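Biologist: Could you take me through one part of this model slowly? I'm new to this, so please keep it plain.

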Amino acid sequence: MRDKKPGQAVIECPQEIPCNPCVSVCKTGAITMDGLTARPEFHREKCVGCRMCVAACPGQAIFYLIDDYDADHSAITFPYEYLPMPKKGQIVTAVSRRGEPLAEAEVLAVDETAVYNKTRLVTLKIPKTLKDEIRFMKRLTRED
Amino acid sequence: MIKTEILIIGAGPAGLGAAIEAARLGAKTLVVDENRKAGGQLYKQIHKFFGSSEHYAGVRGFQIADKLLAEADGLGVEILLNTRALGLLDDGTVAVLADGKAESIEADKVILAVGAKENALVFPGWTLPGVMTAGAAQTFSNVYGILVGQEIVMIGSGNVGLIVSYQLTQGGAEVKALVEAVPDVTGYEVHANKIRRAGIPIYTSHTVIEARGKDHVEEAVIAELDADFQPIPGTEKTVKADTILIAVGLNPRIELAKMFGCAMTYEGALGGTQPVHDDCMRSSNPKVYVCGDQAGVEEASAALEEGRLAGIHAAISLGKESADNAALLNCARASLASLRSGAFAGKRRLTKQRIMEKGATYYAG
């Protein structure tokens with residue numbers, strides 16, 4: 001899903017580990033790194049919202065956040081590699097960094113392209129008040 | 001008797017890296033591997049790799065294996081599968097059991113790339129069916145498509161424990177708990193965060209003190225550990241589980257290196273006793289190179305680069321020419337060094353340095 005509303009990559013990469021696909025995949029130079037093990041730096045003014053970094057990060061540590069999706073909601077995109085996949089329009093449970101349920105959320109998009117190399121991107125519409133807490137969704141079971 | 005210029009034992013990332021570089025320089029290169037398929041542990045790795053694009057970052061492990069095998073094939077590397085290296089014979093040849101038939105191989109240089117084996121952990125009930133190593137569970141699920149259990153307790157928060165927990169969850173199992181004896185997660189924080197988001201609880205300063213069950217694991221008893229790693233009475237918790245997986249590190253497979261007379265050293269941070277080597281991956285025996293986990297347990301990307309370095313040096317030492325030998329070696333060393341840079345790899349870097357200093361003494365002057 002490419003939404004024209006301005007957003008930003010949120011990079012939660014706390015350690016100096018040897019890894020830089022986020023930098024290689026960013027065509028506009030919005031993510032830079034000072035050496036292979038430095039932590040990535042994000043330059044918001046250069047980000048065009050393509051979300052390639054979200055799919056490319058082997059640590060699944062990059063999220064894409066649109067703060068003002070509408071008056072009360074933000075939109076968050078994260079990588080998702082479980083089955084079954086959620087569907088657009090489905091209501092799922094948005095969870096915290098620790099997997100704690102925080103809110104019911106509508107699935108705005110499920111994206112998959114060859115270049116993502118088997119990772120899918122899920123975008124949820126979430127309450128603005130929880131935009132800094134919600135980072136994932138409760139995994140679906142076959143019954144969902 | 002089979003004759004080759006360079007014999008490589010082990011067709012995992014280190015062995016394939018060595019084979020590709022040696023063959024590229026024109027050396028007649030033969031790889032033997034005891035498995036039915038080349039690629040080593042790479043075919044079990046369904047996650048995207050770290051590193052930079054030159055280390056195949058963002059590519060999944062099994063895809064890297066496909067690329068390496070295609071490259072080796074294109075360069076004329078011969079790979080004998082289902083072929084186990086038995087050891088060194090008195091005449092200097094290497095005995096192998098190829099498809100059940102004994103053979104000997106004469107080679108000018110031998111590159112050992114035999115990997116590492118998983119450590120065990122002993123606790124009451126550890127012999128019950130349902131207790132196994134994380135790598136075994138990963139082989140079952142990712143190679144044979146069999147989930148070893150539905151309710152898992154994982155011991156160890158290194159990258160193996162974290163990644164296998166993630167993969168078994170992808171496969172449909174529920175990881176009920178991941179326990180780690182030390183106070184912090186020892187693997188990459190991003191791997192830990194991935195499974196935390198999936199709702200898997202990580203208990204640091206905890207271990208499994210007992211596996212219970214009649215003829216199969218039915219529950220795991222976990223407990224908190226004090227600063228001396230002793231269980232704190234009263235903190236025991238029972239977790240319903242059918243599988244307990246052990247991911248408490250690996251140790252180098254050194255049997256062949258010992259037979260070849262390679263000098264050994266002990267480095268706990270890299271898995272234990274291992275052969276020393278110089279900055280060209282030469283062991284103390286000038287005919288024998290060591291690389292990959294067997295030369296100190298790190299990870300697949302580093303193994304691949306160590307293999308490349310060994311392959312380049314072995315070929316050059318046999319008189320194979322490149323445009324610039326020194327540049328080629330330094331390029332491989334720089335690539336390896338980049339994987340060991342950063343605060344998180346500090347201990348590995350220093351340990352490797354110490355090993356190479358010891359290894360260099362055999363080639364001084």
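Modeller: Happy to: here is a close look at one strand, followed by a helix and the core for context. Keep in mind that this is a predicted model.

Let's start with strand S5 of chain A, which covers residues 73–80. Eight of its eight residues are buried, so the strand is largely enclosed by the rest of the structure. Now look at which way the residues point. In a regular strand the side chains alternate between the two faces of the sheet. In S5(A), His73(A), Ala75(A), Thr77(A) and Pro79(A) point one way, while Ser74(A), Ile76(A), Phe78(A) and Tyr80(A) point the other way. Whichever side you pick, the residues there are buried.

What does S5(A) pair with? One partner is strand S4 of chain A (residues 62–66), in the antiparallel sense over three bridges. Find Ile76(A) in S5(A) and you have the bridge partner of Leu65(A). To get from S4(A) to S5(A), the chain makes a hairpin through six residues. Another partner is strand S8 of chain A (residues 120–127), again antiparallel, over eight bridges. Here, Tyr80(A) has Arg120(A) in S8(A) as its bridge partner.

For contrast, hop over to helix H8 of chain B, residues 325–339. With 15 residues at 1.5 Å a residue, H8(B) should span 21 Å, and its end C-alpha atoms are 22 Å apart, which agrees. The buried residues of H8(B) are Leu328(B), Ala332(B), Ser335(B), Leu336(B), Ser338(B) and Leu339(B). Seen down the helix axis, they fall within an arc of 165 degrees, so they line one face of H8(B). On the other side, Ala326(B), Ala327(B) and Ala334(B) are exposed. Part of what covers the buried residues of H8(B) is H7 of chain B.

That brings us to the core. The largest nonpolar core has 105 residues, and those touching the most other members are Cys53(A), Ile9(B), Ala19(B), Ile111(B), Leu112(B) and Cys291(B). Helix H7 of chain B (residues 300–317) gives this core its largest share, ten residues. If you click on Cys291(B), you'll find that its contacts beyond four places away in sequence include Ala14(B), Ile111(B), Met281(B), Ala303(B) and Ala310(B). There is also a second, separate core of 36 residues, with Val153(B) and Leu168(B) among them.

Last stop: where the chains meet. The contact takes 28 residues from chain A and 27 residues from chain B. On the chain A side, 13 are nonpolar, nine polar and six charged.

Key. Residues numbered from 1 in each chain as written. Chains lettered and ligands numbered in written order. Predicted model: local features only at pLDDT ≥ 70, side-chain atom pairs only at ≥ 80, totals over all residues. Core = buried A, V, L, I, M, F, W, Y, C linked by C-beta atoms within 7 Å. Buried ≥ 20, exposed ≤ 12 C-beta atoms within 10 Å, placed from the backbone. Helix = DSSP H or I, 4+ residues; strand = E, 2+ residues; numbered from the N terminus. Contact = placed C-beta atoms within 7 Å. Nonpolar A, V, L, I, M, F, W, Y, C, P; charged D, E, K, R; others polar. Expected span 1.5 Å × (residues − 1). Arc of directions from axis to C-beta. Pairing = 2+ DSSP bridges.
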